[in-house]
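Please open the structure in your viewer and keep the sequence panel beside it, since this tour moves by selecting residues and elements one after another.

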Amino acid sequence: MGTNINDAKLVKLIKFAPTLMILTFAVAVNSMILLSNKEKSQQSIESLENDIIATQKQQIQSQVNQAIDYIEYRYQSVIPQLKKQSKQRVYEAIEIAENIYQKNRDKPDDVIKSMIINALRPIRYAEKRGYFFIFQMDGMNVMHPLKTHLEGQQLINAQDQKGTLILKEHIDLIKNNQGEAFYQWQYQKPQQPIDIEFEKLGFGKYFAHFDWFIGTGEYLDDVEDDLKSELTMWFNNAPQDNNTKFYIINQEGRIIAHSSPELRGKNINEISKLDASLFQSDIDNLANEGTHLTYDMTISRLQTHPQRVSYIKAYPEWNWVLGTSFSANIFNDYLEEKLNELNQLNQKKFNNILLLSVFSTLLIIILSLVVSQMIINRLNRFQANLEESFDALQENQLKMQHMAMHDNLTGLPNRASLSKDIHEGIQFAKAENTQLAIIFIDLFDFKKINDLYGHSSGDKFLQIISSKFESLLGEHDSIARFGGDEFIFCAPNINQQQELTDLLQRIQSILREKLIIDGKNLTAHCNIGISIYPQDGDTPESLIRKADIVLNQSKKAGCDAIAYFSNEISQKIQHDYLVEEELRKALKHNEITVHYQPQIDTDSKRIVSVEALARWHNQKLGDVPPIKFIETAEQTGLIIDIGLFIFKTTCKDILSVSSNGHEALCASINISPKQLLCDGFVNSLIDVSDEVGINRERITLEITENVFIDDVDQVTPILDTLRNVGFGISLDDFGTGYSSLSYLNFLPITEIKIDRCFVENINHNSQSNALIEAIMAISQTFDIKVVAEGVETLKQYQTLSAYKCHLIQGYYFDKPMPKSQLQQKYFSGDNVNVN
């Protein structure tokens, strides 16, 4: 009996134990897999959440910094803008006064004065704060719209609270600055206590008819308040999404700008758990470095908004704190949804395994070992599939990150990763006490490869070059493709200049190697611009920008040129920018003048022509050399207007000193290639000459050989037209080019001008002497007039006269001079001979 019981127990044990063991093992294994899966899922979710939050923080920090930069820009422009507006207002007032005076000159002075005062007294501007005042130059007040009791009083000794003679100083400035001047002074403000003065900026201009000066001024704090209001409104109305909120808080913690109107005017304590004292004590620290804050928004006393993350930074000039924020919980729904999907997938797989385990128990008595092994194998495959899925997910994530930070064509890092690489390089150079070089490379004429052989060949060329560039990298070096045919090396381990020189030589050597692409031999050249840390900058942006600047300089020097950034280049760029800015205003301000250098007939010893030469005098730059501002005018297109101005002025001046006739004075005018190829150029010259009334046969247009280099087919018909309507055509710098002689065969040249380099050497260089003799022989063959420029000695003049040169021009006879001097010296009476 006992044995049967034990056998029954053993049978049951054999029957159910394997099943229970398999089920227990299956549950345990599946539980561990699901737990591991859940942990990995949670880690992925947390990593994704942290990445999203970090990216959003960086974005709002960038937005706040851009806003601070914009406010600073507007703040710095307050005084220049106020000066410009004050000067414009006073010029308008002067124009009003001048018009009244001119239209009423037949009336007594007192009547005219009264009319001017009555016209200017009611004028207001700038939210009705601005007004005009009039003083005599001896300090007598003529008009003061706000303080009429001062009119007629002598105020030359008027002082502010510091004892400054404010009126006398302003009058002295006007007298010493060509009749107009800006001035800053302290003055009492309307509706304010009389013992409090405010800083004021204004402008005054002399009105000579009555020995007056007319002026105006504006309180600086009023203008600044206007700017604050304008910026506050701009921030209130700036487009923002539902998540990101932009705001401005003053030092007391009150919100003065917010995208939500209902929050404006509230204290930060009312709507969040932030302490307003933060904005009172840390303004200076917040100005130097902003900070990120995480806090809860208060909806009511019992309810709080989801947590928000802000970045704030102070603008200390106005005691403002600017910030923007986003909801830290906005991504929770998305993350929770992903987590639920993973949990459901794991649960479904677990249920399948459980069903399989239950089914397997029906066969466990016969096939327990086989079924157990099958279950184990299946579990192993299941785990392997899960791990494979996670590995594939991680691999795709890495691929996406790589694609975002690398160039698709070449595989090199792109602009997005360049700043990071340079920043890490700067940290390395700082730690190792080395120099870091930013090498900005532009492939010279790469466009020709695309144009000649197609973009496919161009792409292959870039891929090969990129691979060769990578082969040059040292342990700490990096390279990025910056643009289409632009690359940037970052070399942070430069100890000596020779190391950098060697690297540059290797770069250029790679480009000179012949590459066989699609059966074609291709080579390339490059231009290189270099900036060095720490002397040229300590941020990636500044180093890249300065390397780019000198890259453009190297392009001007031709292919394979290398340029290093320096303070001299920076100053030159600033000076070139100032020249361009001032040149744009030069015609309007009547700064461009025309001087005339005589051209003397060698037979009659009389002045028969002049060359018109542009001169520019600027208040900031002084006398600017023609070679400088003409080059700038060419590059900016200003040469079109300046050239037409010189042409018109010359026609007027020459006609005024010498009427049309058989022996009338002629003039040569230099013509730019851009003028010549400009639409309507010929018609504009014809219209001006007809308007002035000068015979076109008196005008010779000087052109240089570079006009024909690329556009000879386009230029030839234009010159034919100009010659047909009467203008002479002079080929300047004759003999310095490669094709000067050939142009005489098919161009309507009436004059050739021997370059000064040949004239300078005529008496001590046999080649120059022989060349000038040849030019004279050519001129006789083609019946062309010859002008020699740069004649500075008697011996040069005598030699050229002996060669029968028609006209002589140079300092030996006279230097360029204004029209008035030309007329007095050569056209007063019969004084036309040259001594």
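Begin by selecting Cys 757, which sits in helix H23. With a relative accessible area of 30%, Cys 757 is partly exposed. Now add Gly 790 to the selection: this residue is 33 positions away from Cys 757 along the chain, and the C-alpha atoms of the two are separated by 8.1 Å. Keep in mind while looking that this is a predicted model.

Before going further, show the whole chain as a cartoon. The secondary structure comes to 26 helices and 26 strands, and of the 835 residues in the chain, 43% are buried. Among the contacts with a separation of 6 or more, 62% are between residues 24 or more positions apart.

**Helix H25 and its cover**

Next, select helix H25, residues 794–802, and display its side chains. Which residues of H25 are buried? They are Gln 796, Tyr 797, Thr 799 and Leu 800. Because these residues cover an arc of only 165° around the axis, they lie on the same side of H25. Turn to the other side of H25, and you will find Lys 795 and Ala 802, which are exposed. An α-helix has 3.6 residues a turn, so residues three or four places apart point the same way.

To see what covers the buried residues of H25, add helix H23 (756–760), where the tour began, together with helix H24 (766–782), strand E25 (785–789) and strand E26 (807–809), all of which are included in that cover. After H25, stop at Lys 804, whose phi is positive, near 65°.

**Helix H12, then helix H13**

Move back along the chain to helix H12, residues 446–453, in which Phe 446, Ile 449 and Asn 450 are buried. The arc that they cover around the axis is only 95°, which puts them on the same side of H12, while Lys 447, Asp 451 and Leu 452 are exposed on the other side. The cover over the buried residues of H12 includes strand E11 (435–444), H13 and strand E15 (520–522). Gly 454, which follows H12, has a positive phi, near 100°.

From there, select Ile 464 in helix H13. Ile 464 is partly exposed, with a relative accessible area of 30%. Leaving aside residues up to four places away in sequence, Ile 464 touches Leu 515 and Ile 517. The second of these partners, Ile 517, is 53 residues away from Ile 464 in sequence, and their C-alpha atoms are 9.5 Å apart in space.

**Two pairs of helices**

Two packed helices are described by the angle between their axes and the distance between the axes. Keep H13 (residues 455–471) selected and add helix H14 (residues 497–512): their axes come within 10 Å and cross at roughly 150°. That angle makes H13 roughly antiparallel to H14, and H13 passes H14 in a right-handed crossing. To display the contact, select Ile 465, Lys 468, Phe 469 and Ser 471 of H13 with Ile 507, Ile 510 and Leu 511 of H14. By class, this contact has 5 nonpolar, 1 polar and 1 charged residues.

For the second pair, select helix H18 (residues 639–657) and helix H20 (residues 681–692), whose axes come within 10 Å and cross at roughly 25°. Here the angle makes H18 roughly parallel to H20, and their crossing is right-handed. On the H18 side the contact is made by Leu 644, Phe 647, Lys 648, Cys 651, Lys 652 and Leu 655, and on the H20 side by Ser 684, Leu 685, Val 688, Ser 689, Glu 691 and Val 692. The residues of this contact divide into 7 nonpolar, 2 polar and 3 charged.

**Three stops in loops**

Most residues other than glycine have a negative phi, and most peptide bonds are trans. With that in mind, select Glu 127, in the loop between helix H3 (109–120) and strand E1 (132–136). Phi of Glu 127 is positive, near 60°, and the residue counts as exposed, at 67% relative accessibility.

Asp 211, the next selection, lies in the loop between strand E4 (197–207) and strand E5 (212–219). Its phi is also positive, near 55°, and at 37% relative accessibility Asp 211 counts as partly exposed.

Finish at Pro 534, in the loop between strand E16 (525–533) and helix H15 (540–556). Is the peptide bond from Tyr 533 to Pro 534 cis or trans? The bond is cis, with omega near 10°.

Key: Residues are numbered from 1 along each chain as its sequence is written. This is a predicted model: local features need pLDDT of at least 70, side-chain atom pairs count only at pLDDT 80 or more; totals for chains, interfaces and linings use all residues. Side-chain values use heavy atoms; hydrogens and water are left out. Axes are lines fitted to C-alpha atoms, for helices over the stretch in contact, and angles run from 0 to 180 degrees between N-to-C directions. Helices (H or I, at least four residues) and strands (E, at least two) are DSSP runs, numbered from the N terminus. Angles under 35 degrees count as roughly parallel, over 145 as roughly antiparallel, 65 to 115 as roughly perpendicular and the rest as oblique. A crossing is left-handed if the near helix is turned anticlockwise from the far one by less than a right angle, and right-handed if clockwise. Contact means heavy atoms within 4.5 Å. Ala, Val, Leu, Ile, Met, Phe, Trp, Tyr, Cys and Pro count as nonpolar, Asp, Glu, Lys and Arg as charged, and the others, Gly among them, as polar. Buried means under 20% relative accessible area, exposed over 50%, partly exposed in between (1.4 Å probe, protein chains only). The arc is that of the directions from the helix axis to the C-beta atoms.
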